[in-house]
Amino acid sequence: MHFDWPYFWHQLLQPNSAFLQGLWLTLFISIGGQVIGLVIGLPAALARRSTNKLLTWPARAYILLMRGTPLLVQIVFIYTGLAAAGILRFHDIHWGGMVLAGNVQAGILALGLNEGAYMAEIFRAGIDAVDPGQTEAAKSLGMTPSKILRYVVLPQAFRIILLPIGNQFNIMLKNSTLVSVIGVSEMLLVTETINSATFRTFELYSVLAIYFLILTSIWGLIMRLVEQRMDRSRLRSPAASLGTTLAETV
Amino acid sequence: MSEILVQAEGVVKRFGSHTVLDGVSFNIYRGETVVLIGSSGSGKTTLLRCVNHLEKIETGRITVNGYLIGYRQHGGRLVEDREANIARQRRDVGMVFQRFNLFANMSVLDNIILAPMKVRGENRQIATARAEALLARVGLAEKANAHPSSLSGGQQQRVAIARALAMQPTVMLFDEPTSALDPEMVGEVLAVMRDLAQEGMTMMIVTHEMNFARNVADRIIVMDQGRIVEDGPPAQLYDRPAHAKTRALLAPAR
């Protein structure tokens, strides 16, 4: 086996500008998709938990559709399928000197819609994990359901779901490669393009894998710091998650 | 003691095919302390929870201060009221739970001032001042900034009482407030309740503390299989119990 070490080190340590742009696009798409997922996830979770069937059923259908079909199919369907049917065509958006390409918009939207379904289930689990006795106490104090959610349930649910959300973003970073199929020049597509000119496939994909490993490792480190901070604040004020369990053992 | 504060008429409550409350009627007068007793499954906790509409009822009606709780008249029938209206009705009815149910994400002080600020729109200074006075009253003035989980069960329950009182309710409901406590902590909670009774608070209490019932209650309501089988002052129930259930329940305390 021949491994071109000089080429490998050069690509790893001094990537060309196309690859760096791909790196930024990967981050941009991942963060965009995650933000949309978060924004959709909470209302979808609330709709799913509602007692009103007009809210529950659309939420159920959305979650079923997004979790039950491949993300790759959703990406192609949203960008190519909708355009072919004449329903929705994504046009480039220009602000000043910046361009947000149509396929990038479609990619972020598809990733976000898919993520929203998973976020909805995570939010739902987090909300259900908050001691229902506290909701009853809040009701008995005359609080409306929306105030109970805002002041009592969600602050505790967020703590519970912080780590699952972090895990989802790790998945999002890697799933963002799928939008290469609609021509978005993120890291994978840039790598494919360079490969088609140089045929140093093994070296190039090794570099790509290492870049993803670095991204997910940095994210893992951030999540560990967040976790430690949560533990510290729990030591200082040991209520949050221990509170109810301690109270119940008394 | 003439003004009726809580009134129940023919209240029926079912869980599936099981009838938990089978046509319950009673009056609670202003300033009264009424203790509900009965063996487990007799419906006493469910009855208490109906008074602030934590449980729906099938038929009958419950009023507090003259207001129908949880329902409104609609074309001769009772239909469930809107959430916002039910929330408004609950402001006047304080409740203390067996498991305290303090908000785990907040300090003791924040537990107490949350509802006065967010429900009644009080400013922080006024709410805090009242919270501190209430904490002093339940003997926990120095615990304002503590977290619920750092408190003993008895202390948590006293905070829960202060939290309910902060809404300045006209009636207080206690659902087995000492059942989850270690024996040495029962006394401190009962003492707070006794003080409240002496200050004239209207209270409905589900408890197994028979000595407390005998010494503090103005009236004892005895429940059995979803019905009220006896209702009278402690002396009468202890000396001349009319119903076999009353005799069985009060016998150990005599």
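## Exercises on a strand, a loop and a pocket

In this predicted model, both faces of strand β10(B) are covered, since T202(B), M204(B) and V206(B) on one side are buried, as are M203(B) and I205(B) on the other.

**Exercise 1.** Work out how many of the residues of β10(B) are buried, and what follows for the strand as a whole.

*Solution.* Begin with the general pattern, which is that side chains in a regular strand alternate between the two faces of the sheet. Next, apply the cut-off, by which a residue is buried when its relative accessible area is under 20%. Five of the five residues of β10(B) are buried, and therefore the strand is largely enclosed by the rest of the structure.

**Exercise 2.** Find which strands pair with β10(B), and say in which sense they do so.

*Solution.* Take first β3 of chain B, residues 33-37, which pairs with β10(B) in the parallel sense over four bridges; here L36(B) stands opposite V206(B). Then turn to β9 of chain B, residues 171-175, which also pairs with β10(B) in the parallel sense, over five bridges, and in this pairing V171(B) stands opposite T202(B). Finally, follow the chain from β9(B) to β10(B): the path passes through helix α6 of chain B, residues 183-198, and forms a right-handed β-α-β crossover.

**Exercise 3.** Locate H208(B) and decide whether this residue is buried, partly exposed or exposed.

*Solution.* H208(B) is found in the loop that lies between β10 (202-206) and α7 (210-216) of chain B. Its relative accessibility is 43%, and because buried means under 20% and exposed means over 50%, H208(B) counts as partly exposed. When neighbours within four places in sequence are left aside, H208(B) is in contact with G38(B), K44(B), E176(B) and S179(B). L135(B), by comparison, is 73 residues from H208(B) in sequence and 26 Å from it in space, taken from C-alpha to C-alpha.

**Exercise 4.** Describe the largest pocket by its space, its lining and the classes of its lining residues.

*Solution.* The largest pocket holds about 970 Å³ of space. It is lined by 28 residues, of which T51(A), T135(A), K139(A), P145(A) and E83(B) are the closest to its centre. Going on to the elements, those that give two or more residues to the lining are α2 (17-49), α5 (102-129), α6 (132-140) and α7 (145-175) of chain A, together with α2 (83-90) of chain B; α7(A) gives the most, with five residues. As a last step, sort the lining by class, which yields 12 nonpolar, five polar and 11 charged residues.

Key. Residues are numbered from 1 along each chain as its sequence is written. Chains are lettered from A and ligands numbered from 1 in the order in which they are written. This is a predicted model: local features need pLDDT of at least 70, side-chain atom pairs count only at pLDDT 80 or more; totals for chains, interfaces and linings use all residues. Side-chain values use heavy atoms; hydrogens and water are left out. Buried means under 20% relative accessible area, exposed over 50%, partly exposed in between (1.4 Å probe, protein chains only). Contact means heavy atoms within 4.5 Å. Two strands pair if DSSP finds at least two bridges between them. A crossover is right-handed if, with the strands pointing away from the viewer, the path from the first strand over the helix to the second runs clockwise. On a 1 Å grid over the protein atoms alone, a cavity is a set of points where a 1.4 Å probe fits but cannot get out, and a pocket is an open set with protein on both sides within 12 Å along at least five of seven lines; lining residues have an atom within 4 Å of a point. Grid points are joined across faces, edges and corners, and a volume is the space filled by probe spheres set on the points. Ala, Val, Leu, Ile, Met, Phe, Trp, Tyr, Cys and Pro count as nonpolar, Asp, Glu, Lys and Arg as charged, and the others, Gly among them, as polar.
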